[in-house]
Amino acid sequence: MDEAQIRVRLDGMRIEHRDLDDAIAALILLPVPDQLQIARLKKRKLRLRDEIAACEDILVPDIIA
């Protein structure tokens, strides 16, 4: 993947991450929240955060000064 493809993927993942936040918040507000679904969405959000971090590391490598 080149840098442009990584940036496009990164933008998509950030949007999905925000959407998961909204979905989790909406489920929590239900009279009887579905705890299993909330847990699954939180787990997906954590995996997504790790993928975002990996893509950011590719774009901005560590440079020891």
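**Exercise 1. Classify Arg44 by its accessibility, then find its salt-bridge partners.**

Step 1. In this predicted model, Arg44 has a relative accessibility of 23%. Buried means under 20%, and exposed means over 50%. Arg44 therefore counts as partly exposed.

Step 2. Look at the side chain. Arg44 meets Glu51 in a salt bridge, at 3.7 Å from N to O.

Step 3. Classify the partner. Glu51 has a relative accessible area of 29%, so Glu51 is partly exposed.

Step 4. Widen the view. Arg44 and Glu51 belong to a network of salt bridges that also links Arg9 and Glu16.

**Exercise 2. State which parts of the chain the Arg14 salt bridge ties together.**

Step 1. Find the partner. The side chain of Arg14 pairs with that of Glu56 in a salt bridge, 2.5 Å from N to O.

Step 2. Place both residues. Arg14 lies in helix α1, residues 3-28. Glu56 lies in helix α2, residues 35-59.

Step 3. Draw the conclusion. The pair ties together parts that are 42 residues apart in sequence, because one residue sits in each helix.

Step 4. Check accessibility. Arg14 is partly exposed at 32%. Glu56 is partly exposed, with a relative accessible area of 32%.

**Exercise 3. Test the Asp50 and Arg49 pair against the salt-bridge cut-off.**

Step 1. Recall the cut-off. A side-chain nitrogen of Lys or Arg must lie within 4 Å of a carboxyl oxygen of Asp or Glu.

Step 2. Apply it. The closest N and O atoms of Arg49 and Asp50 are 4.0 Å apart, and the pair forms a salt bridge.

Step 3. Add the surroundings. Asp50 is partly exposed at 47% relative accessible area. Arg49 is partly exposed too, at 48%.

Step 4. Set the pair in context. The structure holds seven salt bridges. The chain carries 11 positive and 13 negative charges, and their mean positions are 6 Å apart.

**Exercise 4. Decide whether the chain is spread out or a compact globule.**

Step 1. List the elements. The chain has two helices and zero strands.

Step 2. Compare the radius of gyration with the globule rule. The radius is 15 Å, well over the 11 Å that the rule gives for 65 residues, so the chain is more spread out than a compact globule.

Step 3. Add the box. The C-alpha atoms fill roughly 50 × 25 × 15 Å along the principal axes.

Step 4. Add burial and surface. Buried residues make up 20% of the 65 residues. The chain exposes about 5100 Å², with 60% supplied by carbon and sulfur atoms.

Step 5. Turn to contacts. Among those between residues at least 6 apart in sequence, 68% join residues at least 24 apart.

Key
Residues are numbered from 1 along each chain as its sequence is written. This is a predicted model: local features need pLDDT of at least 70, side-chain atom pairs count only at pLDDT 80 or more; totals for chains, interfaces and linings use all residues. Side-chain values use heavy atoms; hydrogens and water are left out. Helices (H or I, at least four residues) and strands (E, at least two) are DSSP runs, numbered from the N terminus. The radius of gyration is taken over C-alpha atoms; the globule rule is 2.2 Å times the number of residues to the power 0.38. Buried means under 20% relative accessible area, exposed over 50%, partly exposed in between (1.4 Å probe, protein chains only). Contact means heavy atoms within 4.5 Å. Accessible areas come from the Shrake-Rupley method with a 1.4 Å probe; for residues, only the protein chains shown count as cover. Lys and Arg count as positive and Asp and Glu as negative; His and the chain ends are not counted. The place of a charge is taken as NZ of Lys, CZ of Arg, CG of Asp or CD of Glu.
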